[in-house]
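Here is a short note on the structure, from one colleague to another. Please read it with the coordinates open.

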There are 2 protein chains.
Amino acid sequence: MSLEAAEPLPRKRRGRATIYDIAQRAGVNPSTVSRALTRPGRVSEETEARIMQAAKELGYRANPAARALPTGRTRTLALLVADITNPVVFDIIRGAERSAAAGGYTLVIAESQESGTEESSVLDRLLPAVDGFVLAMSRLDDEAIREVASTSPVVLVNRRVDCVESLVPAFEAGIAELVAHLADLGHRRIAYLDGPAQSWTSARRWEAIRDAAAERGIEAVEIGPGEPTLDGGAAQLGAVLESEATAAVAYNDVMAIGLLRAATAAGIAVPGRLSVAGFDDIFGADFTTPQLTTVKAPLTELGEQAVRALQAIVADEEPERHEPLPSTLIVRGSTGAPAR
Amino acid sequence: MSLEAAEPLPRKRRGRATIYDIAQRAGVNPSTVSRALTRPGRVSEETEARIMQAAKELGYRANPAARALPTGRTRTLALLVADITNPVVFDIIRGAERSAAAGGYTLVIAESQESGTEESSVLDRLLPAVDGFVLAMSRLDDEAIREVASTSPVVLVNRRVDCVESLVPAFEAGIAELVAHLADLGHRRIAYLDGPAQSWTSARRWEAIRDAAAERGIEAVEIGPGEPTLDGGAAQLGAVLESEATAAVAYNDVMAIGLLRAATAAGIAVPGRLSVAGFDDIFGADFTTPQLTTVKAPLTELGEQAVRALQAIVADEEPERHEPLPSTLIVRGSTGAPAR
DNA sequence: TTGTACGCGTTATCAA
DNA sequence: TTGATAACGCGTACAA
């Protein structure tokens with residue numbers, strides 16, 4: 001080594017300490033440091049203490065990329081949603097983030113913009129970067145989902161596909177409560193506002209409502225499909241009135257609120273002339289006048305459990321099995337006795 | 001190698017193709033493949049075509065961890081928020097995610113749970129995993145933020161700190177509009193409901209309201225600080241009434257909605273006896289009756305621009321400078337002429 | 001219990 | 001223009 005010219009500083013030294021620095025300071029071999037850091041107990045107490053001390057003094061942080069290379073695990077999980085705009089996913093994100101952080105995992109959020117092909121490409125892009133996926137509101141068909149699941153750990157939320165870990169709340173209970181509530185109020189004909197045609201959830205909700213209504217001996221009619229938006233809900237007001245139903249249940253709260261507002265704007269009293277109910281109990285469902293009656297989905301818990309289950313699968317453990325999360329009826333002001 | 005017992009399948013072969021596979025198939029050296037893939041043009045057209053072809057056939061996806069190791073860049077950006085629960089951040093997340101995806105970056109969301117020390121620890125944990133941070137609603141003090149910024153690229157949202165890239169919308173214009181709107185309606189005394197004591201934004205908003213009021217020759221009084229929640233807003237109803245202000249502007253929409261509901265519940269007509277306005281125009285601000293008048297912050301655009309600026313800084317380019325994003329008054333039903 | 005040596009997939013620095 | 005070859009930081013058989 002001879003003369004060195006004054007190089008321009010190599011850009012803000014990436015001055016992070018490595019296990020080599022620790023090794024040197026603690027007077028041991030780097031591999032010993034690695035052992036002490038990854039699973040304490042494999043080295044003598046004394047050296048472990050020295051190593052930990054040195055690590056702390058140097059402010060050591062493991063380099064995740066370097067760690068991922070030999071192990072193949074990135075300790076990163078991805079949450080895929082169809083539409084970040086959708087308030088339903090906010091709560092799922094919240095739960096997912098919390099349990100990822102609790103497990104020492106990093107959570108990546110990605111959006112498929114309601115498009116199946118976009119979803120595939122996102123999945124593909126993220127595949128080498130993460131240890132697994134939580135698919136919330138996937139727009140892929142069952143076969144495509146199974147294929148993803150055969151490549152990488154996957155947990156499905158709000159949908160059931162054979163051979164894939166799925167997390168679906170037991171909304172039947174909440175729906176039964178809702179239908180009973182409406183029947184008790186005196187309603188004899190309930191309209192269900194369908195969500196998007198491809199929505200697995202919407203189809204299940206309709207079936208459950210139909211069954212619950214049949215059991216109660218009242219009528220249920222299906223209207224739609226429609227966009228799961230304020231406008232999508234508002235757009236169905238005419239159809240609801242034509243159906244002569246006295247109560248309308250929408251695929252989700254956003255549609256329900258759209259319908260509620262359209263009704264109010266049209267001079268139709270809620271719940272006086274029309275009762276309205278939704279699903280999910282999203283943020284803002286209690287902002288309306290009257291406040292919205294809704295079947296609350298345990299969204300935050302769903303996000304939490306999904307990520308926990310995914311962590312288990314990634315770690316090659318059996319995910320805990322619990323009872324499906326219950327959905328519950330929240331009665332607020334938008335449902336009441338029908339006009340007669 | 002002698003006899004091998006029937007091992008359980010070596011767990012779903014991590015069968016991803018590498019540049020070595022491509023190299024072999026294309027009959028070139030791995031380093032050539034790397035060149036062709038990272039910045040086309042450094043190899044002959046012919047071999048580049050062969051390499052691309054082989055890559056496509058093998059379904060090659062670069063391994064981000066392996067790529068990050070020598071380069072030190074992960075092509076991952078972090079968005080830190082104080083509270084995922086806060087609807088304001090939903091829109092920021094949305095914008096951030098979109099421009100991250102557009103730039104080929106992966107976005108990590110992390111939450112500091114309204115705690116400065118938690119924020120530091122999250123920052124610290126994420127530091128080696130990302131190329132930079134967007135800090136939205138940081139709870140750190142200026143000095144701490146500068147220190148982070150000296151270690152890693154940082155873009156600040158909704159706050160200004162010397163020497164750190166900051167993105168703050170020009171809410172003065174919207175506030176001036178709001179105050180003018182109220183003054184024109186006949187209000188002579190406006191109450192401002194402060195947010196959290198440490199909130200940089202809340203302090204700026206109060207100053208702007210005070211100044212705008214002074215300019216209009218009307219009074220402004222400060223109430224609080226308070227929690228930026230529904231309850232936090234509701235809790236101030238008494239103080240608002242005592243202040244004898246005829247209009248109340250809250251630090252944000254959530255507080256405003258809390259106040260609005262508390263007023264309505266207490267039989268105080270909005271806007272008949274009390275006008276209420278908020279900030280941000282969050283999801284649900286138009287669910288209330290009356291709908292909430294508010295100063296709309298360009299949250300989605302803020303998230304977008306923040307991530308774009310961060311990408312520029314990471315790439316060692318000068319971030320684009322635009323005019324600060326404008327905030328605008330959205331007049332809805334919750335403001336009206338004061339009772340006399 | 002600890003050290004040696006190699007590999008993970010890629011980029012980058014040399015030569016050729 | 002391309003091919004060797006050395007990092008990058010860490011985990012881990014294997015040997016001591």
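The points below take the chain symmetry and then the salt bridges.

1. Status and symmetry. This is a predicted model. Chain B lies on chain A with an RMSD of 0.3 Å, after a turn of 180 degrees and a shift of 0.2 Å along the axis. The two copies are thus related as by a two-fold rotation axis. Both use the same surface: 100% of the contact residues of chain B recur in chain A.

2. Salt bridges overall. Over all chains, the whole structure holds 34 salt bridges.

3. A pair across the chains. D124(B) and R61(A) form a salt bridge through their side chains, at 3.4 Å from N to O. D124(B) sits in helix α6 (residues 116–126) of chain B, while R61(A) sits in the loop between α3 (45–58) and α4 (64–71) of chain A. D124(B) is partly exposed at 33% relative accessibility. R61(A) is also partly exposed, at 30%.

4. A buried pair. D280(A) and R205(A) meet at 3.3 Å, N to O. D280(A) belongs to strand β9 (residues 275–280) and R205(A) to helix α9 (residues 200–216), so the salt bridge ties together parts 75 residues apart in sequence. D280(A) is buried because its relative accessibility, 6%, is under 20%. R205(A) is buried too, at 5%.

5. A pair within one helix. E143(B) and R146(B) form a salt bridge at 3.2 Å, N to O. Both lie in helix α7 (residues 142–151) of chain B, three residues apart, about one turn of the helix. E143(B) is partly exposed at 49%, and R146(B) is partly exposed at 26%.

6. A network. E165(A), E318(A) and R321(A) are joined into one network by salt bridges that share partners.

Notes: Residues are numbered from 1 along each chain as its sequence is written. Chains are lettered from A and ligands numbered from 1 in the order in which they are written. This is a predicted model: local features need pLDDT of at least 70, side-chain atom pairs count only at pLDDT 80 or more; totals for chains, interfaces and linings use all residues. Side-chain values use heavy atoms; hydrogens and water are left out. Copies are superposed by least squares on the C-alpha atoms of residues with pLDDT of at least 70 in both. Contact means heavy atoms within 4.5 Å. A salt bridge is a side-chain nitrogen of Lys or Arg within 4 Å of a carboxyl oxygen of Asp or Glu. Helices (H or I, at least four residues) and strands (E, at least two) are DSSP runs, numbered from the N terminus. Buried means under 20% relative accessible area, exposed over 50%, partly exposed in between (1.4 Å probe, protein chains only).
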